[in-house]
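Please open the model in your viewer and keep the selection tool at hand, as the stops below are meant to be followed in order.

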Number of protein chains: 2
Amino acid sequence: MPQFLNTQDAGFEPAFVALLGMKREDSPDVDAAVAAIIADVRDRGDQAIIDLTAKFDRLTLTPETLAFTPAQIAAEIAKVSAEDRAALELAAARVRAYHERQLPEDAMWQDETGAMLGWRWTPVSAAGLYVPGGLASYPSSVLMNAIPAKVAGVERLVVVCPTPDGVVNPLVLLAAQIAGVDTVYRIGGAQAVAALAYGTKTICPVDKITGPGNAFVAAAKRRVFGKVGIDMIAGPSEILVIADGDNDPDWIALDLLSQAEHDESAQSILITPDAAFAKAVVAAVEKRLETLERRAIAGASWRDFGAVIVTRDLDEAAALSNRVAPEHLELCVADPDALSAKITHAGAIFLGGWTPEAIGDYVGGPNHVLPTARSARFSSGLSVMDFLKRTTLAKMTPEALATIGPAAERLAQSESLEAHGLSVRARLNRLNGGKYE
Amino acid sequence: MPQFLNTQDAGFEPAFVALLGMKREDSPDVDAAVAAIIADVRDRGDQAIIDLTAKFDRLTLTPETLAFTPAQIAAEIAKVSAEDRAALELAAARVRAYHERQLPEDAMWQDETGAMLGWRWTPVSAAGLYVPGGLASYPSSVLMNAIPAKVAGVERLVVVCPTPDGVVNPLVLLAAQIAGVDTVYRIGGAQAVAALAYGTKTICPVDKITGPGNAFVAAAKRRVFGKVGIDMIAGPSEILVIADGDNDPDWIALDLLSQAEHDESAQSILITPDAAFAKAVVAAVEKRLETLERRAIAGASWRDFGAVIVTRDLDEAAALSNRVAPEHLELCVADPDALSAKITHAGAIFLGGWTPEAIGDYVGGPNHVLPTARSARFSSGLSVMDFLKRTTLAKMTPEALATIGPAAERLAQSESLEAHGLSVRARLNRLNGGKYE
């Protein structure tokens, strides 16, 4: 049974604070091991990658077989059904259309001194996408990472995806092909992150690494951050559903379970002002858990981290949700737009009962790589912006420099940075025929 | 003497690669010490902060004196000259005007299925700004960090700034006041970062931490990243000047020195197609180094990390600059706009000989917190965006769900996520009177 809270109960506040602070992931301290792996890859390059892949993935590679060949890719992709391909293509088209709207505009304007100011956006040259192997190898995540990069204009886009025991997911390769990925390396773990960051003889380094991974991958991304850009350090994910009593309890139960089935450390929270509805949803979850394929995982998540909170009203529900800052937020209420306006922190909002979160995982259009573990307080989901950077522009005229230069000199002086001031003064001198000397 | 390279010399390429790979900062490995400090602050809160401040800053504080009082601030600010205040106010107004243009727009549109899609921007609730103490305590950096936060709409903005031996920089306090900072704590180091990330009894935690700092601060920011957002891990900074022969060598020399005087590990690079001009600049630098106040620092930087590169033409200069991806790039050429169009990686571009980099440090308008150590390949300078986050929005209609839902079901199935598929199917069943059952 999940936690059952009511905001009108004494003791609600400490219970809610405990829920917020709940440690859901027992991340092993792999930092020392990861440091050694990165050092090994920097030191021995391809051979380190090959040795570590043999050790962790039980797969023997050579520099020539680190990447899938076009023939291998074609052979794997041929195994995909027409229906699966069509679904992936629909997803890709919708994700592309959404992300194309994110392309920001350059700007340049003249200010009142006559100076030109502005900025310009340019893409990252090369990006590497980490795709987990095994159970969590999701073709949808390939699309969600690769398409924003391509829309941004990234020239070279590579995927690293471990294939333990040589097992390949054909849909991952197809998704990579649909999204326009250039090369897929069959390597994973911290060693793959190190190879992307530092390069080896066979693998060119990239400038930005995105994509989810296990504790080793997360630790490696944290370590190479600065040498390359990274997207975020993903934590256990969560869904929060705010629902009024006018919903089918089974729909809401399935939405909660669609998060819970990801991972035993996932968290599903229902907030509703209707206590009877809350009970009905809990009963519906129990019923679905009897037959769900991943009932062991979903049941553990729901039991250990699930929560149902009964509030006085929807405003109170929104306020609690803002304290959670959930990755996914469903607003299954009569006027979802009005309630949405009260939400200040959430990765993605799904408006109304006809928008199950699962639509956003696949075909909605918005990205499904979202800030987890309450990080929606300060970060956003993956977007085209993650593969672009802004260069600021400034162009003074002699008149503009004459207007604002003296203030710059003054501030340089106050910071004891003489050359800064002199670089302005030398120009003003020319301009004013020595007046400033 | 700086390195002197010519792209037409044999051996240029390896020499340039060595220049790119030059390790300019001997960052001490303070990670273990920082981990202990963070653990101490999480464990003992205010008392840890007070003990560490006594130890590192030789300053005795109490929970009541961790923050400057309004009276203290007023007393310090009264020491500032009218000229300095006016210069700071001019800088603040220009920085604010520039950053107000960065506010991104929300979007919402209907797609061809009838679904509504879009996104919405909201500010981070609370931000903390690290301001170094001592020599590198720059009031201009207070403006550059705090103003974008205020423009973004951050509700609570605090500064941490160590005051070793109790020494306070009045201009830092004035800059904080002008920028709208709510509270200034006189603490620093890893302990201040830990307090901002985790909170103590006296110090409320924030959601985002920005601002430069020493190796301890950088290591602490890396460690708390994920718990809170951070801006970037700053490295040693650099300027690259591309100049044709039609410039005053002394102007360019001063621009190079204005970077070199920051730090012995700063880097100043001149790229020019005019070998005689290159020599004239080197001579002008030497001459300025005879009298410059910070000649010891600037001289060491120029000697150890400075470089002058003579190229065939300006196109080659732009290509080399793109490989450097400099923090600051001056284009002192006849047509700076045309050359700027060829620049793919740079933090900030200063167009034309009348735009010394120092203008951008203070009063230009663009931010002076910029990606260092070649990270302009994948990141941008500080902006309003650093204090905002995007929530994606999706709202299906029954018809939209009927159109794209089946593809989501299919993909959920292929990823063995049954509840995902069922959450879509349950709704389609209602819609189609059981047709999908």
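In which sense do strand β13 of chain A and strand β14 of chain B pair, and over how many bridges? Select residues 348–351 of chain A together with residues 388–395 of chain B in this predicted model: the two strands pair in the parallel sense, over three bridges. Within that selection, pick Ile349(A), whose bridge partner in β14(B) is Leu393(B).

Next, widen the selection to the whole contact between the chains, to which chain A gives 122 residues and chain B gives 122 residues. Together the two chains bury about 10,600 Å², and 58% of that area is on carbon and sulfur atoms. On the chain A side, highlight Trp354(A), Phe378(A) and Arg427(A), which lose the most area to chain B and together make up 8% of what that side buries.

Now turn to the polar and charged features of the interface. There are 71 residue pairs in polar contact between chain A and chain B, counting pairs with both residues at pLDDT 80 or more, and the side of chain A that touches chain B comprises 59 nonpolar, 32 polar and 31 charged residues. Across this interface 14 salt bridges are found; to see a salt bridge, select Arg94(A) and Asp111(B), whose side chains meet at 2.6 Å, N to O.

Finally, move to Thr183(A) in strand β6 of chain A, which spans residues 183–185. Thr183(A) counts as partly exposed because its relative accessibility is 23%, a value between the 20% and 50% cut-offs. Beyond its neighbours within four places in sequence, Thr183(A) is in contact with Ala67(A), Leu157(A), Val158(A) and Val159(A). Of these, Val158(A) is 25 residues from Thr183(A) in sequence, yet their C-alpha atoms are 4.8 Å apart.

Terms used
Residues numbered from 1 in each chain as written. Chains lettered and ligands numbered in written order. Predicted model: local features only at pLDDT ≥ 70, side-chain atom pairs only at ≥ 80, totals over all residues. Heavy atoms only, no water. Contact = heavy atoms within 4.5 Å. Buried area = accessible area lost by both parts, 1.4 Å probe. Salt bridge = Lys/Arg side-chain N within 4 Å of Asp/Glu carboxyl O. Polar contact = N/O pair within 3.5 Å; in protein donor to acceptor, adjacent residues only side chain to side chain. Nonpolar A, V, L, I, M, F, W, Y, C, P; charged D, E, K, R; others polar. Pairing = 2+ DSSP bridges. Helix = DSSP H or I, 4+ residues; strand = E, 2+ residues; numbered from the N terminus. Buried < 20%, exposed > 50% of the residue type's maximum accessible area, 1.4 Å probe, protein only.
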